Amino acid sequence: MRSFCHQTGPSPWSNWITNHGTKARDKFKIFPSQSVLKEGRNVMFCCVAPVGVNITSITLRDITYPLLNIGDGVKAILVSNLAIPTNLIKILSVTCTDSAGKTSSVGKFVSFPPPKPRNLSCTTSDMINIRCSWDPGRKRDQYDRNNQTQTLHIDNTDQAPIPCQSSSCIFPAVPQQEEYNIRVEVKDQLGEEMATYSFNISDRVSPVLEWDRVIPEVTEVSLSWTVLGNLTQNNFLCQVSVDAETIRELTLKSENGLCKVRLEGLHPNMDYSAKARCSVNGRLWGKWTWPVLFTTYPLVTLDLWRRIDYRSDTDIRRVTLLWKPHVFGRATTVKIQAYTVKWSQEGQTLTELKDSRQSQADISIGPKKCNFTIQAVLNKGSSIPAHITILPKDNSEIPPLKKSLNKTSAGGFSLWWDERTSVTCGYTVEWCILGGSASCTLQWIKVPKGNNTLFLPPGHFKSGCRYSFNIYGCTEHGDKLLEIQTGYTQEL
């Protein structure tokens, strides 16, 4: 042979070498000699016998193939499209047998050459270490004997080659170097493949985040996390996602690597999970954090109403406050510890604490205007204060005439009243059984402003009982009785 360099003149011819072939002495020699064979190839398996020995058969995985006479003492078989065995151990057994019944066997492994690394990419989270990863392609069986080696080369430095894992490589950044030209080589017994990639390290920063604190409130949450790696940037573009909501993108200023954000518009007493990721330039995003779970605090509202008993011989009025708690959300069971009742009249403010099992309070007040506020006391979270105003006592006020109600075809009551322009905050309908032997529990329903009808289904009422419905209009000064309507669902 001789060589050419850049199409210039050839080198001198080498000396002749004569290959006299392989001779077997006391046992068979079987070829090909390599232990790993390439799948899909057509392979000729040869048996070289000792002098005077006649080969009678060659089998592959206990299958006998037609013999080919190659020469003196040499027989062969041809196997087309060599396939990787499906059994656990990926080995082919080749056996040569002579006329005396003596056999000799060797094992051959079948594999495939290395695929070209795909999607090669590199990132850094701290500007100190660089991590390159790629798709290694076809997965190898754990019993495959065609061992691979992966090596990364930084071509524009004098750094030594870096040994890698099957799909990634981590190496220290070169001080003061921004541009990198890398090459990943994959080699095994059947061949080698290569992929190249060039990048600027400043463009490949992928911040890694670690949760710091999660502070939930009723309808919002405060999140904070640490950007690891002592990155010098003060401003990060970050994305935060809460459950399946739209991702919120925010520009955050880092204080000693700590980023803080406050998210509003959540629902009370609900379970949420949040995750975040950040970017230095908005082009390359770091990985999402693991989801952090939190529950917003409960919110309790009170449906508040009152009943007023007048004493004819005095200006003292007995006010019974009644309330129904309403808890938003279902994440956790909300325990109300107590109720705080406050009232103020003529510049004097008084407070009374009621047990959590109670739902009413009896308070005596004078003839002047009186303001009441009730709030539930929770172990965490909040209750929206409920307010109600009692108008000054007016002995000259004439109560409205009672109107008769007819039963409806549905068996309940259909109430209707004249809408008043003076009403600014809706209506309240209250009722009780008239003529009953026992005192009844006052019932009430709030009707929003703009509505002047209400249907009450029959399940709330008994046949043969006369009911009276008081309809109040709400203003900023208090609630005033507008109409009284009475009737039966069914007369007996």
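Let's start at one residue: Leu152 stands opposite Ile162 in strand S13. Strands here are DSSP runs of E with at least two residues, numbered from the N terminus. The model you are looking at is predicted, so local features need pLDDT of at least 70 and side-chain atom pairs count only at pLDDT 80 or more, while totals for chains, interfaces and linings use all residues. Residues are numbered from 1 along each chain as its sequence is written, and side-chain values use heavy atoms, with hydrogens and water left out.

Back to the strands. S13 covers residues 162-163, and 2 bridges join it to S12 in an antiparallel arrangement. Two strands are said to pair if DSSP finds at least two bridges between them. S12 itself spans residues 149-154 and is also joined, by 6 bridges, to the antiparallel strand S15, residues 179-188. Leu152 takes part here too, with Val184 as its bridge partner in S15.

Next, look for empty space. A pocket is found on a 1 Å grid over the protein atoms alone: it is an open set of points where a 1.4 Å probe fits, with protein on both sides within 12 Å along at least five of seven lines, and its lining residues have an atom within 4 Å of a point. A volume is the space filled by probe spheres set on the points, which are joined across faces, edges and corners. The largest pocket has a volume of about 870 Å³. Its lining counts 30 residues, and Arg306, Ile308, Tyr310, Tyr472 and Leu481 are the closest to its centre. Strands S24 (299-310), S31 (386-390), S34 (427-434), S37 (466-475) and S38 (478-488) each supply at least two lining residues, and S24 gives the largest share, with 5. By class, this lining has 15 nonpolar, 4 polar and 11 charged residues; Ala, Val, Leu, Ile, Met, Phe, Trp, Tyr, Cys and Pro count as nonpolar, Asp, Glu, Lys and Arg as charged, and the others, Gly among them, as polar.

The second largest pocket holds about 410 Å³ of space. Among its 21 lining residues, Thr123, Arg131, Ser206, Val208 and Lys287 lie nearest the centre. Two or more lining residues come from each of strands S10 (118-123) and S11 (129-135). The class counts for the second largest pocket are 9 nonpolar, 9 polar and 3 charged residues.

Finally, turn to the charged side chains. A salt bridge is a side-chain nitrogen of Lys or Arg within 4 Å of a carboxyl oxygen of Asp or Glu, and the model has 17 of them. One of these joins Arg138 and Glu39, at 2.5 Å from N to O. Arg138 sits in the loop between S11 and S12, and Glu39 in the loop between S2 (36-38) and S3 (43-48), 99 residues apart. Arg138 is partly exposed at 44% relative accessible area, and Glu39 is partly exposed at 26% (buried means under 20%, exposed over 50%, and partly exposed in between, with a 1.4 Å probe and protein chains only).

Another salt bridge links Arg318 and Asp362, whose closest N and O atoms are 3.2 Å apart. Because Arg318 lies in S25 (residues 317-328) and Asp362 in S28 (residues 360-365), the pair ties together parts 44 residues apart in sequence. Arg318 is partly exposed at 33%, as is Asp362 at 34%. Elsewhere, Arg140, Asp144 and Asp188 are joined into one network by salt bridges that share partners. Within that network, Arg140 and Asp144 meet at 3.5 Å, N to O, and both are buried.

Note on methods:
Helices (H or I, at least four residues) and strands (E, at least two) are DSSP runs, numbered from the N terminus.
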